There are 2 protein chains.
Amino acid sequence: MHPADAQLAALADPTRRAIFERLVKKPMAVGELARGLPVSRPAVSQHLAALKAARLVAHERSGRQNVYRANPEGIAALRNYLDILWTRALGDLKAAAEATYHRPRKDKP
Amino acid sequence: MHPADAQLAALADPTRRAIFERLVKKPMAVGELARGLPVSRPAVSQHLAALKAARLVAHERSGRQNVYRANPEGIAALRNYLDILWTRALGDLKAAAEATYHRPRKDKP
DNA sequence: CCTTACGGTAAGTCATCCCTTACGGATACG
DNA sequence: CGTATCCGTAAGGGATGACTTACCGTAAGG
């Protein structure tokens with residue numbers, strides 16, 4: 001049962017991470033996205049398909065343009081997956097680990 | 001440069017994730033680890049090297065055996081990375097992130 | 001010593017990608 | 001209606017990566 005399977009595979013590629021991070025900052029159309037990247041526009045389309053399959057992005061057409069935006073659903077799956085690993089990995093190393101890391105939490109565990 | 005670059009690449013492979021998750025549950029030697037997996041022992045050694053490079057595992061020798069364990073340091077890097085993306089994807093560009101985590105210092109002139 | 005168990009490394013093969021160019025469908029505008 | 005722009009998909013090639021077998025160094029035990 002690996003819920004974060006697709007997300008990890010999608011974000012493993014540097015170009016796809018760059019695309020995703022740009023969409024996190026601001027929704028953009030495909031062409032605009034490709035203009036700021038060192039790869040061709042079809043390559044961007046293929047990466048967007050992979051990100052969409054991983055539920056990391058969503059899109060809606062606006063006239064001729066296809067505007068993509070980041071989808072929190074995919075990030076949530078990854079965060080949940082890592083949180084489970086995190087709590088288990090602590091074990092006897094809890095003290096040392098918590099001394100070096102603090103995560104921004106909005107609610108109480 | 002991306003801080004969670006190595007971790008994402010390491011966990012993208014299913015076999016490596018399986019190895020890592022087993023080490024999260026319990027520290028194990030290489031041979032014991034390989035016996036429960038559908039790949040050869042050298043393959044496991046290579047995967048462990050990748051996980052070690054990503055700071056996701058640590059190891060210490062015990063006689064002839066080399067016992068590996070999960071290292072929270074790598075998971076922490078991933079969690080930090082995702083938390084930043086998460087807050088931005090939700091539109092929370094308020095100072096929520098900067099107060100709790102490493103302050104993303106705006107470049108001062 | 002000599003043998004056995006454990007594990008890291010080397011070399012080679014095979015699949016899986018990532019990217020490219022080329023093409024086709026859809027929409028806005030004259 | 002004709003044209004230009006935007007975008008997804010197909011096909012092919014080159015690179016990266018995961019796995020195998022073979023080999024070597026090291027530690028325990030007789």
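**Strand pairing, core and DNA surfaces**

In chain B, strand S1 (residues 28-29) is joined to S3(B) by two bridges, with the strands running antiparallel. The model behind this description is a predicted one. Along that pairing, B:Met28 sits opposite B:Tyr68 in S3(B), and B:Ala29 has B:Val67 as its bridge partner in S3(B). On to strand S2 (residues 57-62) of chain B, which is tied to S3(B) by six bridges, again antiparallel. Here B:Glu60 is found opposite B:Val67, so B:Val67 turns up in both pairings of S3(B), as the strand order S1-S3-S2 has it. The three strands of chain B make an open, antiparallel sheet in the order S1-S3-S2. S1 and S2 of chain B are its edge strands, and each of them pairs on one side only. Between S2(B) and S3(B) there is a hairpin with two residues separating the strands. One residue in that turn, B:Gly63, has a positive phi of about 70 degrees.

Now for chain A. Its secondary structure adds up to six helices and three strands, and read from the N terminus the elements go α-α-β-α-α-β-β-α-α. The strands of chain A form an open sheet in the order S1-S3-S2, with antiparallel pairing. Strand S1 (28-29) and S2 of chain A sit at the edges with a single partner strand each, so one side of each has no neighbour in the sheet. As for how such strands are held, pairing in a sheet goes through backbone hydrogen bonds, either parallel or antiparallel.

S1(A) is linked to S3(A) by two bridges, and the two run antiparallel. Within this pairing A:Ala29 faces A:Val67 of S3(A). Strand S2 (residues 57-62) of chain A pairs with S3(A) over six bridges, also in the antiparallel sense, and A:Ala58 has A:Arg69 of S3(A) as its bridge partner. The hairpin of S2(A) and S3(A) leaves two residues between the strands, and A:Gly63 takes a positive phi near 70 degrees there. Helix H2 (residues 14-25) of chain A lies across S1, S2 and S3 of chain A. Relative to S3(A), the helix runs at about 90 degrees.

Turning to packing, buried residues account for 30% of the 109 residues in chain A. Among the contacts in chain A with a separation of 6 or more, 53% are between residues 24 or more positions apart. The largest nonpolar core holds 53 residues, and the ones with the most contacts inside it are A:Phe20 and B:Phe20. Helix H5 (residues 72-89) of chain B contributes the largest share of this core, namely nine residues. Leaving aside residues up to four places away in sequence, A:Phe20 touches A:Leu11, A:Leu51, A:Leu56, A:Val57 and A:Ala70.

That leaves the DNA, starting with strand D. DNA strand D is surrounded by 21 residues, the closest being A:Ala29, A:Gly31, A:Pro42, B:Ser40 and B:Gly63. A:Ala29 is the residue already met opposite A:Val67 in the sheet of chain A, and B:Gly63 is the one with the positive phi in the hairpin turn of chain B. The surface near DNA strand D takes at least two residues from each of helix H3 (30-35), helix H4 (41-53) and strand S3 (65-70) of chain A, and likewise from helix H4 (41-53) of chain B. H4(A) gives the most, with five residues. By type, the residues of this surface split into eight nonpolar, 10 polar and three charged.

DNA strand C also has 21 residues around it, and the closest are A:Ser40, A:Gly63, B:Ala29, B:Gly31 and B:Pro42. Two or more residues of the surface near DNA strand C come from each of H4 of chain A and, in chain B, helix H3 (30-35), H4 and strand S3 (65-70). H4(B) provides the most residues, five of them. The make-up of the surface near DNA strand C is eight nonpolar, 10 polar and three charged residues.

Terms used: Residues are numbered from 1 along each chain as its sequence is written. Chains are lettered from A and ligands numbered from 1 in the order in which they are written. This is a predicted model: local features need pLDDT of at least 70, side-chain atom pairs count only at pLDDT 80 or more; totals for chains, interfaces and linings use all residues. A residue is near a molecule or strand if its C-beta atom, placed from the backbone, lies within 6 Å of it. Helices (H or I, at least four residues) and strands (E, at least two) are DSSP runs, numbered from the N terminus. Ala, Val, Leu, Ile, Met, Phe, Trp, Tyr, Cys and Pro count as nonpolar, Asp, Glu, Lys and Arg as charged, and the others, Gly among them, as polar. A residue is buried if 20 or more other C-beta atoms lie within 10 Å of its own, exposed if 12 or fewer, and partly exposed in between; C-beta atoms are placed from the backbone. Two residues are in contact if their C-beta atoms, placed from the backbone, lie within 7 Å. Two strands pair if DSSP finds at least two bridges between them. A nonpolar core is a set of buried Ala, Val, Leu, Ile, Met, Phe, Trp, Tyr and Cys residues joined through C-beta atoms within 7 Å. Axes are lines fitted to C-alpha atoms, for helices over the stretch in contact, and angles run from 0 to 180 degrees between N-to-C directions.
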